[in-house]
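Work through the exercises below with the sequence and the model open side by side. Each task is followed by a solution in steps.

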Amino acid sequence: MSDESSDGEADVELEARLEEQDAFAPPESFVEQANVTDEGIYDEFEENWPECWEGAAELLSWDEEYETVLEDDDAPFYEWFTGGTLNASYNCLDRHVEEGAKNRAAIKWEGELGETRTYTYGDLLNEVEAFAATLRDLGVEEDDVVTLYLPMIPELPIAMLACARIGAPHAVVFAGFSADALATRMNAAESEYLVTCDGYYRRGDALNHKQKADKGLRSVDHDVQSIVVDRLGDELKHFLGTDARDYHELIEEHEGASVEPVSRDAEDMLFLMYTSGTTGQPKGVKHTTGGYLAYAAWTSHAVLDVKPEDTYWCAADIGWITGHSYIVYGPLALGTTTVMYEGTPDYPEKDRLWEIVEENRVDIFYTAPMAIRAFMKWGKEYPERHDLSSLRLLGTVGEPINPRAWKWYYKHIGNEECPIVDTWWQTETGGMMITTLPGVNTMKPGSAGPPLPGIDARIVDAEGEPVDAGSAGYLTVQNPWPGMLRTLYNNDDRFLSEYWKEYSDEDADEWVYFPEDGAKLDDDGYVTVLGRVDDVINVSGHRLGTMEIESAIVGVDGVAEAAVVGGDHDIKGEAVYAYVILEDGQEPTDEMRDRIVAGVEDSIGPIARPEQVVFTPELPKTRSGKIMRRLLEDVASGNELGDTSTLRNPEIVDEIDDQVQGD
Ligand code: PRX
């Protein structure tokens, strides 16, 4: 450790040095042991594309070797590793056990109340097989979509791997989502099976999750069979009813079952993940068995530097893509020990995460900028209470990280000895796309880095022409990659219109993927991601569609119209601001405000709760009747207001602004 905590002057000096420094070479000690150290990898991938991705496929065990690396006949419906067959659960479990890792810890779980559970690869395989046998008995067949509505308990990855074992795609719904959100997703996926639980802990309180699941099920259009994990025991009594069975009883019944992993085609669906888009309807992103798993494993190896002997911790929730790729599939495919934490970072104390790092001797830690901003606010004394010297690499994902937060993380968590990877990617990309390789590239706080080898990401202007260095534009990806989404479930048209229509030249069969993010091209080719350019906002690293929130608000009795935008927020990054017009005769009371907030929570979940509900008689509109969202965003962020001269009703902007700033 440096001596800054005992010496105030040194502390100031160090801060000043860090403040000025805008490039950081990878620490020597890290490079010496890194999985990837040769900068030639960029040229190698470019010269040998797409065959370069065979290296990713080689990280997996295949039942049948693939015949073609990339099939682009029907672009942009690309296919990867066609002709190959494999099973994801075999790759994450059996092969490690066969190679002698039966007693290595696969999952180390930390419960919120301090309880722990460790599953070795042998244990995990046994329980996955028992649950796979259970699902089969219940009637689940290959290609049936199983919905998993579970919090961060080990039964969630167990259920995912059991589904993968029998070739049933899973659709995980984040436990914080509401009953309505669950029903919408189960209806869209026509999913007839649900795995959920009685409840779980949040800041020491027992939350009733089953009540929410039951409420959701009442809005599902078809019959559903459920399995309920008893997480809370006597803390929360629950009743199963006729369509639900108890998880632990079923596991006991099926203990010792042997379930052969089903050989899946590389292009068979591994899972569906619903995410927010511009319209009110969530998008069912389809990921496949071969390409996705190879990409999750390769990026875990090359970017997160995961090795089998590591203890690796991604502090995300498995209900989001980050948890799928980098708590479950990537790390387990590589045979490492992955840590799972049920609770929140500040319960019971603000040093909870650092306690977990110390106790488990965590080597690699991956989190979101919003968490880092909170750590900064709480102060360095919390990490200083713990020995964090086991850490070797740090990562961030989910939103841009500002240089101050980056440097704080680098210094106070990494002790200036751990590289930081700022990884840009999305639910749709399946895995990381833009980031430094930690053993190769110089890091520049605030800039994600160059595109990964083999990824042709370019920043273009509105016409699709590459921008000059130093300029901002739209981020695009100009070649396919193994982890890419294959389509939107049951909606090929939306897949084409959402991601490919903007910059592709269909006649020339040139396909350009548009992730709907803005970015700046730095002089050295690094990419600074600026954020979404569509009507999606990023609250605490969670993606929310403003249309979804608007339709929830308009669904509240007495509301005539609503516009939702994101406004800057110190910790969350962005917060939800709702501008609401009431029907004639309705009063803008606190009760009405509460009903609007409750409406949003019921329809989506507490993550979408508006920071402010602003009642207004009108919304700022252009002469053609379009809502000027940019102005509403400026108001929400407390920015200087832009030009209002093109508005039909410019006076309303000041009125709204006074209200928001006055609150
Ligand atoms: O706007 C980008 C932002 O998060 C969006 C993707 O959200 P989601 O699909 O929920 O996946 C989040 C976890 C992969 C992107 O379109 N984003 C993600 N990572 C970064 C980021 N913005 C800036 N820097 C990042 N490292």
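Helices (H or I, at least four residues) and strands (E, at least two) are DSSP runs, numbered from the N terminus. The model is predicted.

**Exercise 1. Describe the largest cavity by its volume, its lining and the elements that supply the lining.**

Step 1. Count the candidates: the structure holds two cavities of 30 Å³ or more. The largest cavity has about 40 Å³ of space.

Step 2. List the lining. Asn87, Ala88, Cys163, Ala164, Gly167, Ala168, Pro169, Arg264, Met269, Leu270 and Thr289 line the largest cavity.

Step 3. Assign elements. Helix H7 (155–166) and strand E14 (269–275) each contribute at least two residues to this lining.

Step 4. Sort by class. The lining of the largest cavity has seven nonpolar residues, three polar and one charged. Gly counts as polar in this scheme.

**Exercise 2. Do the same for the second largest cavity, and find the element with the largest share of its lining.**

Step 1. The volume of the second largest cavity is about 30 Å³.

Step 2. Its lining is made up of Trp406, Ile420, Val421, Asp422, Thr436, Met443, Lys444, Ser447 and Ala448.

Step 3. Strand E20 (420–423) gives the largest share of the lining of the second largest cavity, three residues.

Step 4. By class, five of the lining residues of this cavity are nonpolar, two are polar and two are charged.

**Exercise 3. Characterise the surroundings of the ligand: which residues are closest, and which polar distances can be listed?**

Step 1. The ligand is surrounded by 17 residues, and the closest are Asp422, Thr423, Thr427, Asp517 and Arg543. Asp422 is also one of the residues that line the second largest cavity.

Step 2. List polar distances, using 3.5 Å between N or O atoms as the limit. An N or O atom in the side chain of Thr427 is 2.5 Å from an oxygen atom of the ligand. For Arg543, a polar side-chain atom lies 2.7 Å from a ligand oxygen atom. Glu399 takes part through its backbone: an N or O atom there lies 3.3 Å from a nitrogen atom of the ligand.

Step 3. Find how much of the ligand is covered. The ligand taken alone exposes 540 Å², and the protein buries 96% of that.

Step 4. Assign elements. Helix H12 (321–333), strand E20 (420–423) and strand E24 (527–532) each supply at least two residues of the shell.

Step 5. By class, the shell divides into six nonpolar, six polar and five charged residues.

**Exercise 4. Describe the second largest pocket.**

Step 1. The space in the second largest pocket is about 290 Å³.

Step 2. This pocket is lined by 18 residues, and those nearest its centre are Gln478, Asp509, Glu510, Trp511 and Val512.

Step 3. The class count for this lining is eight nonpolar, two polar and eight charged residues.

**Exercise 5. Locate the cis peptide bonds that precede Pro50 and Pro348.**

Step 1. The bond from Trp49 to Pro50 is cis, with omega near 0°. Pro50 sits in the loop between helix H3 (41–47) and helix H4 (54–57).

Step 2. Tyr347 and Pro348 are also joined by a cis peptide bond, with omega about -5°. The loop that holds Pro348 runs between E17 and helix H13 (352–360).

**Exercise 6. Are Glu416, Ser540 and Thr336 buried or partly exposed?**

Step 1. State the cut-off: buried means under 20% relative accessible area, exposed over 50%, and partly exposed in between.

Step 2. Glu416 has a relative accessible area of 23%, so this residue is partly exposed. Its phi is near 60°, a positive value in a residue other than glycine, and its place is the loop between helix H16 (403–413) and E20.

Step 3. Ser540 has a relative accessible area of 15% and is therefore buried. Phi of Ser540 is positive, about 55°, although Ser540 is not a glycine. Ser540 lies in the loop between strand E25 (536–539) and strand E26 (542–545).

Step 4. Thr336 has a relative accessible area of 0%, so Thr336 is buried. Thr336 is placed in the loop between H12 and strand E17 (337–341). The C-alpha atom of Thr336 is 8.2 Å from that of Arg104, a residue 232 residues away along the chain.

Methods:
Residues are numbered from 1 along each chain as its sequence is written. This is a predicted model: local features need pLDDT of at least 70, side-chain atom pairs count only at pLDDT 80 or more; totals for chains, interfaces and linings use all residues. Side-chain values use heavy atoms; hydrogens and water are left out. On a 1 Å grid over the protein atoms alone, a cavity is a set of points where a 1.4 Å probe fits but cannot get out, and a pocket is an open set with protein on both sides within 12 Å along at least five of seven lines; lining residues have an atom within 4 Å of a point. Grid points are joined across faces, edges and corners, and a volume is the space filled by probe spheres set on the points. A residue is near a molecule or strand if one of its heavy atoms lies within 4 Å of it. A polar contact is a pair of N or O atoms within 3.5 Å; within protein, one must be able to donate a hydrogen and the other to accept it, and residues adjacent in sequence count only if both atoms are side-chain atoms. Accessible areas come from the Shrake-Rupley method with a 1.4 Å probe; for residues, only the protein chains shown count as cover. Buried means under 20% relative accessible area, exposed over 50%, partly exposed in between (1.4 Å probe, protein chains only).
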